[in-house]
Amino acid sequence: VFPLRERCPACGGPVGRVLLPRRGTLWTWTTQGFEPRSPPYRPDGEFEPFAVGYVEFEGHLRVEGRLTESDPERLRIGMPMEVVALVRGDRVTYAFAPTGEAE
Amino acid sequence: VTEIAIVGAGIHPFGRHEGVSGLAMGVHAARAALADARVAWSDVQFAYGGSEDAGNADTMVADLGPTGLPFMNVKNGCATGGSSLVSAVRALESGAYEVGLVVGFDKHPRGAFQNDPADWSLPDWYGEVGLMVTTQFFGAKLQRYMHDHDIPALTLAQVAEKAFRNGSLTPHAWRTKPLSIEEILGAQMLAHPLTQYMLCSPGEGAAALVLSRREYLDRVPEARPIWLRAASLRTRRAGTFEVFSPSLALEIAPSPSVDAAREAFESAGVAPEDVDVAQVQDTESGAELIHLAECGLCEHGEQVALYARGETRIGGRLPVNTDGGCLANGEPVGASGLRQVYEIVSQLRGDAGRRQVPGRPRIGFTHVYGAPGVSACTVLGR
């Protein structure tokens with residue numbers, strides 16, 4: 001389960017921490033063509049459409065996040081992805097980038 | 001088996017109604033349902049009702065009359081109307097009452113729904129970064145579904161084209177202008193693969209039903225009952241793919257729609273193949289396709305041929321969302337589930353006017369699904 005919870009959502013028991021691999025594959029994706037309502041969204045400069053998706057980490061789970069690539073023509077289910085840092089204002093969070101694009 | 005009848009159905013037009021409160025629309029729908037049933041409000045023994053954003057249903061007694069009846073407020077997300085209906089059915093089945101009213105209404109602000117992560121047990125960063133948007137769930141779930149079942153964007157456009165065509169035949173619908181496949185496909189992309197016209201908008205409206213046990217029909221000889229053969233409500237199980245999920249299991253569990261539909265068909269003793277007219281949740285074009293299969297009304301992937309051949313149109317083998325559904329009526333969350341039942345009652349009675357399904361339909365089905373992973377289904381018959 002992600003993000004970490006105090007209890008297992010399936011059985012109510014204790015949870016352990018597992019470090020996910022950096023690399024996975026794109027399980028599905030979509031685009032955000034309009035600026036999300038704020039709050040809860042924190043704008044970071046002028047709005048530009050972005051993409052979001054779920055990346056599958058083999059043997060673990062699928063995690064939702066923003067993608068660094070927003071062009072539908074360059075996104076396809078099954079493509080390799082990796083975790084990168086996403087800086088928005090004074091906050092740092094994660095995003096997923098097609099592998100090869102990150103460096 | 002206790003038999004429950006819908007003896008009255010009423011609706012307030014959907015859309016935008018400046019200066020009319022959600023509660024006032026609910027009162028309008030309740031009065032219309034009572035008039036249709038030839039039942040006086042003073043004879044109604046109990047009521048369930050609710051909205052998501054437009055107030056407490058029980059305050060309607062200020063307009064309808066404070067008769068002292070038990071009036072339960074219901075707030076259960078997208079299944080608010082379905083929850084009221086299921087609760088009323090159980091109350092009648094218990095034998096505690098013979099006749100009751102259910103009402104659903106809503107009035108949402110313009111634009112996309114706005115949700116607070118804290119209300120969903122989610123961390124603040126989830127909303128701040130821009131993931132707290134319902135349309136992302138629709139787009140992402142659909143993108144994968146189309147990939148798995150080989151469904152083209154054209155089929156999505158065919159769903160929307162049918163919705164607006166049916167809306168143009170429906171007096172109480174919001175969107176009444178037919179749109180071409182090209183207009184729908186060419187509209188602004190909001191959540192790939194969904195364009196502007198493939199997504200419904202939050203809106204306003206109300207619907208109400210008067211329900212009774214069979215014995216009560218002697219008291220209302222002029223009513224034209226439609227039998228509520230089954231009403232089921234189910235919530236999600238571990239591992240389903242729901243809105244606002246920061247992570248998903250590798251194995252996706254069947255949606256609560258599958259459970260609710262199966263239970264409704266089994267309880268009614270009716271097979272999905274027997275359905276003559278259906279209403280399924282079409283929050284967006286893809287939802288209609290997914291829900292038809294989840295409810296057992298077609299196979300996964302079969303939708304492409306079904307829509308290409310026009311089989312879900314009025315006059316087709318399985319007419320779906322004959323009033324234009326959420327796409328043409330908008331989504332006032334508390335009202336949509338009861339609008340669906342209102343539409344099936346109209347169709348089974350032969351009252352649906354220009355949108356009437358030919359061939360005197362006998363069996364109807366309704367399905368709602370929504371946040372946070374809840375579904376309600378009904379089977380209705382003449």
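Which residue in β7(B) stands opposite G8(B)? I opened my notebook with that one, and the partner turned out to be V210(B). A reminder to myself before going further: this is a predicted model.

**Entry 1: the neighbours of β7(B)**

I followed the pairing outward from G8(B). Strand β1 of chain B, residues 4-15, pairs with β7(B) through nine bridges in the antiparallel sense. Next I looked up strand β4 of chain B, residues 99-107, and found that nine bridges join β4 to β7(B), again antiparallel. For a landmark on that side I noted V99(B), which stands opposite S212(B).

**Entry 2: is β7(B) buried or exposed?**

I went through residues 204-213 of chain B, and 10 of the 10 are buried, so strand β7 is largely enclosed by the rest of the structure. For this I kept in mind that buried means under 20% relative accessible area.

I then sorted the residues by face, since in a regular strand the side chains alternate between the two faces of the sheet. On one side I listed E204(B), A206(B), A208(B), V210(B) and S212(B), and every one of these is buried. On the other side I listed G205(B), A207(B), L209(B), L211(B) and R213(B), which are buried too. Both faces of β7(B) are therefore covered, in keeping with a strand largely enclosed by its surroundings.

**Entry 3: where chain B touches chain A**

I moved on to the interface. Here 38 residues of chain B are in contact with 39 residues of chain A. The buried area between the two chains comes to about 3,200 Å², with carbon and sulfur atoms giving 59% of it.

How many salt bridges are there between chain B and chain A? I found one. It is formed by E128(B) with R91(A), whose closest N and O atoms are 2.8 Å apart. Polar contacts add up to 24 residue pairs, both residues being at pLDDT 80 or more.

I also checked which elements of chain B give two or more residues to the side touching chain A: they are α4 (124-128), α5 (134-149), β5 (189-191) and β9 (247-248). The most comes from α5(B), with seven residues. By type, the residues on this side of chain B divide into 20 nonpolar, 15 polar and three charged.

**Entry 4: strands pairing across the chains**

I saved β9(B) for last. Strand β3 of chain A, residues 61-67, is joined to β9(B) by two bridges, and the two run antiparallel. Which residue stands opposite L248(B)? I traced the partner to R62(A).

Terms used: Residues are numbered from 1 along each chain as its sequence is written. Chains are lettered from A and ligands numbered from 1 in the order in which they are written. This is a predicted model: local features need pLDDT of at least 70, side-chain atom pairs count only at pLDDT 80 or more; totals for chains, interfaces and linings use all residues. Side-chain values use heavy atoms; hydrogens and water are left out. Buried means under 20% relative accessible area, exposed over 50%, partly exposed in between (1.4 Å probe, protein chains only). Helices (H or I, at least four residues) and strands (E, at least two) are DSSP runs, numbered from the N terminus. Two strands pair if DSSP finds at least two bridges between them. Contact means heavy atoms within 4.5 Å. Buried area is the accessible area (1.4 Å probe) that two parts lose on being put together, summed over both. A salt bridge is a side-chain nitrogen of Lys or Arg within 4 Å of a carboxyl oxygen of Asp or Glu. A polar contact is a pair of N or O atoms within 3.5 Å; within protein, one must be able to donate a hydrogen and the other to accept it, and residues adjacent in sequence count only if both atoms are side-chain atoms. Ala, Val, Leu, Ile, Met, Phe, Trp, Tyr, Cys and Pro count as nonpolar, Asp, Glu, Lys and Arg as charged, and the others, Gly among them, as polar.
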